[in-house]
Amino acid sequence: MASRATRGQVDADVTDARWLDDYRARAPRGDMLCEAIGLDRAAWEAAFDELAGVPDTLAGARERAQRHADDIGTAYRAAGEKEERRWPLSPVPLLIGAEEWRGIAEGMAERAELFERIIGDIHGEQQLVAEGVLPAMLVTGSPLFLRPMVGLTPPGGHQLHFVAADLCRGPDGRWRVLADHLRVPVGAGYALENRLAMGRTLGGLPSRVNVERHAPFFAAMRAGIAAACRRAEPRIGLLTSGKLNPSYPEQAHLARYLGFLLVEGADLAVRDDQVYVRTIAGLKRIDALWRRIDPRLIDPLAFDANSTIGVPGLVDAMAAGNVVIANAPGVGVLESPAFAAFLPALGERLLGRAPALSSIGTWWCGDPAARAQVLASLDQLVIGPAFAGPAIAGLPDGAVLGASLDDAARERLVAAMALRPQDYVGQEVAELSTMPTACGEGLLPRPFSLRVFAARGGDGRWVVLPGGFVRIGDQPDARAAVMGEGSWSADVIVHGPDPVEPVSLLQPTDSVELRRNPGTLPSRVADNMFWLGRYLERGEALLGVIRVLFGHSISADTGAALAPATVERLVTIIADTGAAPRPPSHRRRDLVDFAREAMESVDGWGSVRAVNRLATGIGGVSRDRLSADMVRLLDAPHPTGGTLLDRAGTLQRRYAALAGLSAEHMGRTDAWRFHDLGRRIERALAMTRTLLAVDLRRANAEDLSTLLDLADSQISYRQRYLIGFARVPVIDLIALDPGNPRGIAFQVETIVEHLSKLPVLNDAGIAEPQQRIAARLTAGIAMASAERVDRGWVLEINQQLQKLSDAIATRYFLQGAQALREAGLTLA
């Protein structure tokens, strides 16, 4: 490494006194790098040595880490926004020594166990309230208290399976808790993704500093949920509210990593107190759900009757012991900031000691003495709501620094606190430690908070993820209330003197039971895959017609233009799809406007852009089934710049890339079969619409050439026939030749093959409706001859294809409020 401490270069050596002196001059007391000694200092040196090996500036290293995060598929959505944002990842990790981490982990496990005992009492005998250790108002006054959970013992006897907490490290080096997360603990997937991205950026660091691994934690968490289930080999789902959830990309990544089914409320049904997932093979039993939606919305019969994303009867199934819900509904009552004021006393009562990992100083204003102390120290405290929920009087924007209030705001707040003091807490202004952060072309100290995760393992004991992730403020102000959610994240590396055994969620090779079936395919996923295929094929077919029209009749660079009758046929094909209204004339300007609207309109539903938007929407909810490359292509914005023909070419190449990924990179699972079924049906329908636009009995050479262009079969035709365009050979190639991958016969043959490998609901050996329709299509093509193919034959094929699509949907996909299918009921 170079010893020159040049600002803006990543090859600055932390052993260089000039560089370190410059950083120390900027860093406040308690900075993680400045306080590092011994092994901790050596670990920081190794990290910066690895960073120096990145062939770029510091800003480039940050962009490289960001790209790795993008490649993994890491993203998030801010509340109220529809579009996802890039996950902001800093290339500089936080390094914590094993000895310091041991104290954090032990404190976190102790805290999780304390919460388990508190919520067990709240939902059970309620002795803590009866003894006066816990104010009743703090429990029943919380909007997160769910009364139906009182008296309900969850399967396995545990209320909590997974918890998180935000920690701060003060200038004195002491770690304390800023907030607890029990309802829907978010972020473990981001911690995992940060580690994967940093592994690609600083690949040599794990072996140099003995980095603790994440895999054992997730294995223990999976085993813990499974241990609470009744069946030895349970089916576990991750219950999500869908793609608009801010952390949906994280949920999809976790489901894929852990081998859980990613399910929504509509995928599930309860019958006789058993929970089932609707699959293409009928109803399959679900044993456990890792819940990632608001507990008040999970069951409209038990909680919020207006919920449309829950599962009616889910709580009854839980009460019967037939489904584990992690975490149990109602545990969020402990998230209320006011609870922090009572944790020391609760720890003494339940554990015999105050929690080792304490919360920041908190005073609940429902207690008169605490309220008086808060009012007397208003300028030195953060004033916030006592409970999670909507804004309260005096705090329209949530917690606020008392010192920041003007006289009028202070007066309003004090008056509101006098009316309902139980709704407010005062908390100390926590000072945060800082860590080195890539800012522009330099490293600057920035405040951070650390999110830590604990999970109940298969033996019932708590296991803590070695690391987590940090959130970093973009301003030097080290007060937690000012930093808020932070602007950057970073990996957290726990390192030690001893080598770490490589651990994976994969089982040892000699103990793995071989499988060639990837498992259960929910009906909703099959539906999405099917329509993703249809939309991609529909967009590509429409683009092909536009390019033929554009290339032959609009572009000034082409030779002879198409005849007016042929132009009219192309216009009709496009207009009939709903892509754009018919142009007023066939003049060049009108055709250009028509083609542009058919390709790029954002108002209609049938343009290429609109169809691509539908495909993008499906890609957004299918992250657990699609590769990151495929999701990235689906998310790519509509091309801009260049000519209309240039943009059409860009789209065509994108369609070709997506087709290649689906054909060569997707495993031949049922999910792929539905995707390919959608493609085949849509392509066959497009070919029938093309044939219907031409008078097949009187087609001239230009009509036949256009048909071959639209079927992308010009080369195939010319390789087979030395003569010019002839009606019968062209029709045979497009409609009846099973060797033409763009023709109708090939699509039907592939459809029949797919349907033969999909599950059926009865074992009587009788064909199901979709199979019977496919058989009729096969017979219709096999019995036809190119000489006799006419409009009636093509129209019949078109109608049968549409019936086939409907039959597939009826058999395999969710049908709104459709009753449970008795024939598909199974305890598998």
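Which residues in helix 18 meet which residues in helix 21? In this predicted model, Val-592, Ala-595, Arg-596, Met-599 and Glu-600 of helix 18 meet Leu-644, Arg-647, Ala-648 and Leu-651 of helix 21. By class, this contact has six nonpolar and three charged residues, with no polar residues. Helix 18 spans residues 588-600 and helix 21 spans residues 644-664. The two helices pack at an angle of about 30°, and their axes lie 11 Å apart. Because angles under 35 degrees count as roughly parallel, helix 18 and helix 21 are assigned as roughly parallel to each other. Their crossing is left-handed.

A second helix pair is formed by helix 22 (residues 670-692) and helix 28 (residues 791-812). Here the packing angle is about 155°, with the axes 9 Å apart. Since angles over 145 degrees count as roughly antiparallel, helix 22 and helix 28 are described as roughly antiparallel to each other. The crossing of helix 22 and helix 28 is left-handed. On the side of helix 22, the contact involves Phe-674, Leu-677, Ile-681, Ala-684, Leu-685, Thr-688, Arg-689, Leu-691 and Leu-692. These residues meet a set in helix 28 that includes Arg-791, Val-794, Leu-795, Ile-797, Asn-798 and Leu-801. Also among the helix 28 residues in this contact are Gln-802, Leu-804, Ser-805, Ile-808 and Tyr-812. By class, the contact of helix 22 with helix 28 has 14 nonpolar, four polar and two charged residues.

Strands 8, 9 and 10 form an open sheet of three strands in the order 8-9-10, with antiparallel pairing. Strand 8 (268-271) and strand 10 (282-285) are the edge strands, each pairing on one side only. From one strand to the next, the twist averages 40°. Strand 9, comprising residues 274-279, pairs with strand 10 in the antiparallel sense over four bridges. Within this arrangement, Val-277 stands opposite Lys-284 of strand 10.

Aromatic contacts were also examined. The count comes to 19 aromatic pairs, by the rule that ring centres lie within 6.5 Å. For Trp-44 and Phe-48, the ring centres are 6.1 Å apart and the planes stand at 25°, so the pair is stacked. The stacked assignment follows because planes under 30 degrees apart count as stacked. Both Trp-44 and Phe-48 lie in helix 2 (residues 38-52). Trp-44 and Phe-48 are four residues apart, about one turn of the helix.

Definitions and conventions: Residues numbered from 1 in each chain as written. Predicted model: local features only at pLDDT ≥ 70, side-chain atom pairs only at ≥ 80, totals over all residues. Heavy atoms only, no water. Pairing = 2+ DSSP bridges. Axes fitted to C-alpha atoms, helices over the stretch in contact; angles between N-to-C directions. Parallel < 35°, antiparallel > 145°, perpendicular 65-115°, else oblique. Left-handed = near helix turned anticlockwise from the far one by under 90°. Contact = heavy atoms within 4.5 Å. Nonpolar A, V, L, I, M, F, W, Y, C, P; charged D, E, K, R; others polar. Phe/Tyr/Trp six-rings, centres within 6.5 Å; stacked < 30°, edge-to-face > 60°.
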